[in-house]
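Here are my comments on the charged pairs and on how the two copies are arranged. Please read them with the structure open.

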2 protein chains.
Amino acid sequence: GNGWQVIHEHHLEKDYKFKNFKEALAFTNRVGELAEQVNHHPDIYLAWGEVKLTLWTHKIDGLTESDFVFAAKADTVL
Amino acid sequence: GNGWQVIHEHHLEKDYKFKNFKEALAFTNRVGELAEQVNHHPDIYLAWGEVKLTLWTHKIDGLTESDFVFAAKADTVL
């Protein structure tokens with residue numbers, strides 16, 4: 001698989017590992033730029049060497065195609 | 001109070017609100033820069049219009065003076 005998990009049929013989640021804080025923060029910024037471009041914003045949990053993205057569509061409180069599209073795009077800015 | 005809470009006598013936590021994602025991301029970057037400067041890294045939860053910081057000292061799995069110092073500094077880069 002690509003590392004994305006569907007949780008409670010409600011959101012998508014993926015954990016990315018990095019070699020340090022700086023790399024994790026840089027990825028956070030690339031994901032943030034993407035989020036602004038497409039106006040779809042994940043929750044981003046950033047810790048030393050780690051970024052966890054959580055994605056769902058707030059309007060329906062569940063998953064839509066936008067979430068799966070964003071998940072695929074996030075992987076391209078890794 | 002200053003908005004910081006001591007949770008389970010183990011970590012410090014504070015929720016900051018922002019008017020949009022961009023402002024929240026900008027604060028995340030300022031906190032990240034601070035973290036690199038002092039080599040003490042909070043967990044950062046970033047969502048649309050919100051940043052939650054969680055601070056503890058991993059070496060002792062609890063709170064030290066470094067956490068309180070960092071908490072005060074984070075407020076100065078708000």
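1. Start with B:Lys17. Its relative accessibility is 61%, and the cut-off for exposed is over 50%, so B:Lys17 counts as exposed. Bear in mind that this is a predicted model.

2. Which residue does B:Lys17 pair with? The partner is B:Glu50, in a salt bridge whose closest N and O atoms are 3.9 Å apart. The contact links distant parts of the chain. B:Glu50 lies in strand S4 (residues 50–55) of chain B, and B:Lys17 lies in strand S2 of chain B, 33 residues apart.

3. Is B:Glu50 buried or exposed? At 18% relative accessibility it falls under the 20% cut-off, so B:Glu50 counts as buried. The pair therefore joins a buried acid to an exposed lysine.

4. Now look at chain A. A:Lys17 and A:Glu50 meet through their side chains in a salt bridge, at 3.9 Å from N to O. Again the pair links distant parts of the chain: A:Lys17 sits in strand S2 (residues 11–17) of chain A, A:Glu50 in strand S4 (residues 50–55) of chain A, with their positions 33 residues apart. A:Lys17 is exposed, at 63% relative accessibility. A:Glu50 has a relative accessible area of 17% and is buried.

5. B:Lys14 deserves its own check. It forms a salt bridge with B:Asp75, and the closest N and O atoms are 2.9 Å apart. This pair ties a strand to a helix: B:Lys14 is in strand S2 (residues 11–17) of chain B, while B:Asp75 is in helix H2 (residues 65–76) of chain B. The two residues are 61 apart in the chain.

6. How accessible are B:Lys14 and B:Asp75? B:Lys14 is buried, at 12% relative accessibility. B:Asp75 is partly exposed, at 23%.

7. For the overall tally, the model has four salt bridges over all chains. Those discussed above are among them. Side chains of opposite charge can pair when their charged atoms come close.

8. Next, the arrangement of the copies. Chain B superposes on chain A by a rotation of 180° with 0.0 Å of shift along the axis, at an RMSD of 0.0 Å. That is the relation of a two-fold axis. Which C-alpha of chain B is nearest the axis? It belongs to B:Tyr45, 2.2 Å from the axis.

9. Last, the interface. Of the interface residues of chain B, 100% are also interface residues in chain A, so the copies meet through the same surface.

Note on methods:
Residues are numbered from 1 along each chain as its sequence is written. Chains are lettered from A and ligands numbered from 1 in the order in which they are written. This is a predicted model: local features need pLDDT of at least 70, side-chain atom pairs count only at pLDDT 80 or more; totals for chains, interfaces and linings use all residues. Side-chain values use heavy atoms; hydrogens and water are left out. Helices (H or I, at least four residues) and strands (E, at least two) are DSSP runs, numbered from the N terminus. Buried means under 20% relative accessible area, exposed over 50%, partly exposed in between (1.4 Å probe, protein chains only). Copies are superposed by least squares on the C-alpha atoms of residues with pLDDT of at least 70 in both. Contact means heavy atoms within 4.5 Å.
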